[in-house]
Amino acid sequence: MHITDPIADMLTRIRNANSAKHDTVDIPASNMKKSIAQILVDEGYIKNYKIIENGQQGIIRVTLKYGENKTQIITGLRRVSKPGLRIYSNVEEMPKVMKGLGVAIVSTSKGVMTDREARKQHVGGEVLAFIW
């Protein structure tokens, strides 16, 4: 099966597993997805992730994070730039998610990073997703 938008698929799998209060979720691996998972760990939205080799492309096993009484840490995930409509932003117009409470994931020429990091390094790029 061929997925036309693998990043949207990753975000949907995380969103669905989070809503169903699962502990882990498996996602087909790619370098872009690994860097997005690393950002989610660094920003404190998921506990951790590990790469499981299966002889093909591999699997990213994401361990989800919950508050006390299984309250969701991730309240929203939204894909911004889609294959049909790419959304780019320069450093001056970099979006702020929920006035700075959320995080925008941006693919720049210096790699995948958060909107804060992109402003700090003074680079723009493709706005992949919002998470809050």
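How many bridges pair S4 and S8, and in which sense? There are three, and the pairing is antiparallel. Keep in mind that this is a predicted model. With that said, here is a walk through its helices and strands.

## Helix H1

Start with H1, which covers residues 6-19. Its 14 residues, at 1.5 Å a residue, should span 20 Å, and the C-alpha atoms at its ends are indeed 20 Å apart, so the expected and modelled spans agree. Just past the helix, Lys21 adopts a positive phi of about 60 degrees.

Which residues of H1 are buried? The list runs Ile7, Ala8, Asp9, Met10, Leu11, Ile14, Ala17 and Asn18. Helix geometry is handy background here: an α-helix has 3.6 residues a turn, so residues three or four places apart point the same way. As for what the buried residues of H1 pack against, the partners are strand S1 (24-28), helix H2 (31-42), strand S3 (59-64), strand S4 (77-79) and strand S8 (125-131).

## A three-stranded sheet

S1, S3 and S2 make an open sheet, in the order S1-S3-S2 and with antiparallel pairing. S1 and strand S2 (46-52) sit at the edges with a single partner strand each, so each has one side without a neighbour in the sheet. On average, neighbouring strands here are turned by 20 degrees against each other, ignoring direction.

Zooming in on the S1 and S3 pair, five bridges hold to the antiparallel sense. Val25 has Val62 in S3 as its bridge partner, and Ile27 has Ile60 in S3. In a regular strand the side chains alternate between the two faces of the sheet. S1 shows that alternation: Val25 and Ile27 are buried and point to one face, while Thr24, Asp26 and Pro28 point to the other and are not buried.

## Two helices across the sheet

Both helices lie across strands of this sheet. H1 covers S1 and S3, running at about 165 degrees to S1. H2 lies across S1, S2 and S3, and runs at about 155 degrees to S2.

How do the helices sit relative to each other? Two packed helices are described by the angle between their axes and the distance between the axes. The axes of H1 and H2 come within 10 Å and cross at roughly 40 degrees, and the two helices are therefore oblique to each other. Their crossing is right-handed. On the H1 side the contact is made by Pro6, Ile7, Met10 and Ile14, and on the H2 side by Met32, Lys33, Ile36, Ala37 and Leu40.

## Ile14 up close

Is Ile14, a residue of helix H1, buried or exposed? Its relative accessibility is 0%, so Ile14 counts as buried. Setting aside neighbours within four places in sequence, Ile14 is in contact with Val25, Ile27, Leu40, Leu64, Ile74 and Leu77. Among them, Val25 and Ile27 are the buried residues on one face of S1.

For a sense of distance, take Ile14 and Val80: they are 66 residues apart in sequence, and 16 Å apart in space from C-alpha to C-alpha.

## Strand S8 and its partners

Back to the strand from the opening question. Seven of the seven residues of S8 are buried, so the strand is largely enclosed by the rest of the structure. In its antiparallel pairing with S4, Arg79 stands opposite Ala129 of S8.

S8 has further antiparallel partners. Strand S5 (residues 88-89) is joined to S8 by two bridges, with Ser89 partnered by Gly125. Strand S6 (residues 103-108) pairs with S8 over six bridges, and here Ile105 has Ala129 as its bridge partner.

Val127 is a good residue to look at in strand S8. Its relative accessibility is 1%, so Val127 counts as buried. Beyond the neighbours within four places in sequence, Val127 is in contact with Val80, Ser81, Ile87, Ser89, Pro95 and Ile105. What separates the C-alpha atoms of Val127 and Val80 along the chain and in space? Along the chain it is 47 residues, and in space 6.3 Å.

Note on methods
Residues numbered from 1 in each chain as written. Predicted model: local features only at pLDDT ≥ 70, side-chain atom pairs only at ≥ 80, totals over all residues. Heavy atoms only, no water. Helix = DSSP H or I, 4+ residues; strand = E, 2+ residues; numbered from the N terminus. Expected span 1.5 Å × (residues − 1). Buried < 20%, exposed > 50% of the residue type's maximum accessible area, 1.4 Å probe, protein only. Contact = heavy atoms within 4.5 Å. Pairing = 2+ DSSP bridges. Axes fitted to C-alpha atoms, helices over the stretch in contact; angles between N-to-C directions. Parallel < 35°, antiparallel > 145°, perpendicular 65-115°, else oblique. Left-handed = near helix turned anticlockwise from the far one by under 90°.
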